[in-house]
Amino acid sequence: IPTFIYQDYKFTAPISPMILKFVLENKTDIIHIQTTFTVGLQGMLIAKLLKLPLVGSYHTFFADPQYLKHFRFNSELMRNIVWATTRLHYNRCDLVVCSSKGVRDELVAKGIRKPIKIIPSGVNASVFDNTKAALVRRKYARGSREKLALFVGRLAHEKNIPYLLECFRLALEKVPGTKLLIVGEGPQRREVQSKIKNLKLAKKAVLLGKVDHGKLMKSGIYKACDVFLNASTTETGPLTVLEAQANGLVCVGVKGRGMETIIDGVNGYVVKPDNKKAFADAIAKVLTDDEKRARMSA
């Protein structure tokens, strides 16, 4: 059943005879849930019913204000309800898996008592085909001196794109010959378009829309760009940052619980949240020093 709140998200019945039958017929040994709410509840109930080990992966800070904006209930009460639901699921697991130390610390602080294993996310670098990178660069960059910044992700509240655009607008004061490519689709597309118009970035910020992941890996877009930007404070271990790094892209991000693969001053910069000037200055640092960018890229 579509939620009508968050694009592509759906609810399902918490009890599914079909899935129970599948588990029994295939003599399943272990249940692994990757989400809370109704699908996670299915897995949890089946595991308890059949006395099977239950592993739960934690991917999303649904209680963060940016996510709750989608539900129009951004209040302390709603945050408490979401964390209570999270505890209901994960404290019934035999093992909880997350992708970073920061996420584990947050889960412990919020009352998850079961063992937590950190298994960092990874990407398969062999899937990238960058033979079209030069074509992408010629299409969007005017001359060899113009720089390209990149964002890949959903156009949604939790990605903090209006804030990112404000930071980019400030950075243009120091690196005017720069263009921002935005790859992704989502429920806040109109808001992002409006922000681009209001900031007079129509010629500087390009919405490329949704690109299928398989096509993105072979598009050359990552390799064509000079810096990768992520201003989200809700990340638990963003794959897009890893994909950017696998292509040698220097990343600029916001300090958060899951932004641990960006090592400040080594392979990118992480700045404090709500400091637009620091974010803009970090972008300028990357784009104005070719020699340092090459070292950080390596």
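This report describes a predicted model, taking in turn a sheet, its helices, a helix pair, a buried helix, two loop residues and the cysteines.

## The four-stranded sheet

Four strands make up an open sheet, arranged in the order β1-β2-β3-β4, and their pairing is parallel. The edges are formed by β1, residues 31-33, and β4, residues 116-118, each of which pairs on one side only. From one strand to the next, the twist averages 25 degrees.

Strand β3 covers residues 95-98 and runs parallel to β4, with three bridges joining the two. One residue pair can be named here: C98 has I118 of β4 as its bridge partner.

## Helices on the sheet

Two helices that pack on the sheet can be described by the strands they touch. Helix α2, residues 37-50, packs on the sheet and touches β1 and β2, the latter being residues 54-57. The direction of α2 makes about 155 degrees with that of β1.

Helix α5, residues 101-109, also packs on the sheet, where it touches β3 and β4. Its direction makes about 165 degrees with that of β4.

## The α1 and α2 pair

Besides touching the sheet, α2 packs with another helix. Two packed helices are described by the angle between their axes and the distance between those axes. For α1 (residues 17-25) and α2, the angle is about 45 degrees and the axes lie 11 Å apart. Because of this angle, α1 counts as oblique to α2. The crossing of the two helices is right-handed.

The residues that meet can be listed from each side. From α1 come I19, L20, V23 and L24; from α2 come Q42, I46, L49 and L50.

## Helix α11 and its cover

Helix α11 spans residues 239-246, and its residues T240, V241, L242, E243 and A244 are buried. Both strands and helices contribute to covering them. The cover includes the strands β5 (147-152), β8 (227-230) and β9 (250-254). It also includes the helices α9 (213-217) and α10 (221-224).

Just after α11 comes G248, which takes a positive phi of about 80 degrees.

## Positive phi outside glycine

Two lysines also have positive phi values. K27 lies in the loop between α1 and β1. Its phi is near 50 degrees, a positive value in a residue other than glycine. The relative accessible area of K27 is 68%, so this residue counts as exposed.

K200 is in the loop that runs between α8 (189-198) and β7 (205-209). Although K200 is not a glycine, its phi is positive, at about 55 degrees. With a relative accessible area of 73%, K200 is exposed.

## Cysteines

A disulfide is a covalent bond between the sulfur atoms of two cysteines. Searching the whole structure gives zero disulfides. C167 is in none, and the nearest cysteine sulfur to its own, that of C251, is 16 Å away. C167 is also buried, because its relative accessibility is 0%.

Why is the sulfur of C251 not bonded to that of C225? The closest cysteine sulfur to that of C251 is in C225, at 11 Å, which is too far for a bond; the cut-off for a disulfide is 2.5 Å. C251 is buried, with a relative accessible area of 0%.

Methods:
Residues numbered from 1 in each chain as written. Predicted model: local features only at pLDDT ≥ 70, side-chain atom pairs only at ≥ 80, totals over all residues. Heavy atoms only, no water. Buried < 20%, exposed > 50% of the residue type's maximum accessible area, 1.4 Å probe, protein only. Pairing = 2+ DSSP bridges. Axes fitted to C-alpha atoms, helices over the stretch in contact; angles between N-to-C directions. Contact = heavy atoms within 4.5 Å. Parallel < 35°, antiparallel > 145°, perpendicular 65-115°, else oblique. Left-handed = near helix turned anticlockwise from the far one by under 90°.
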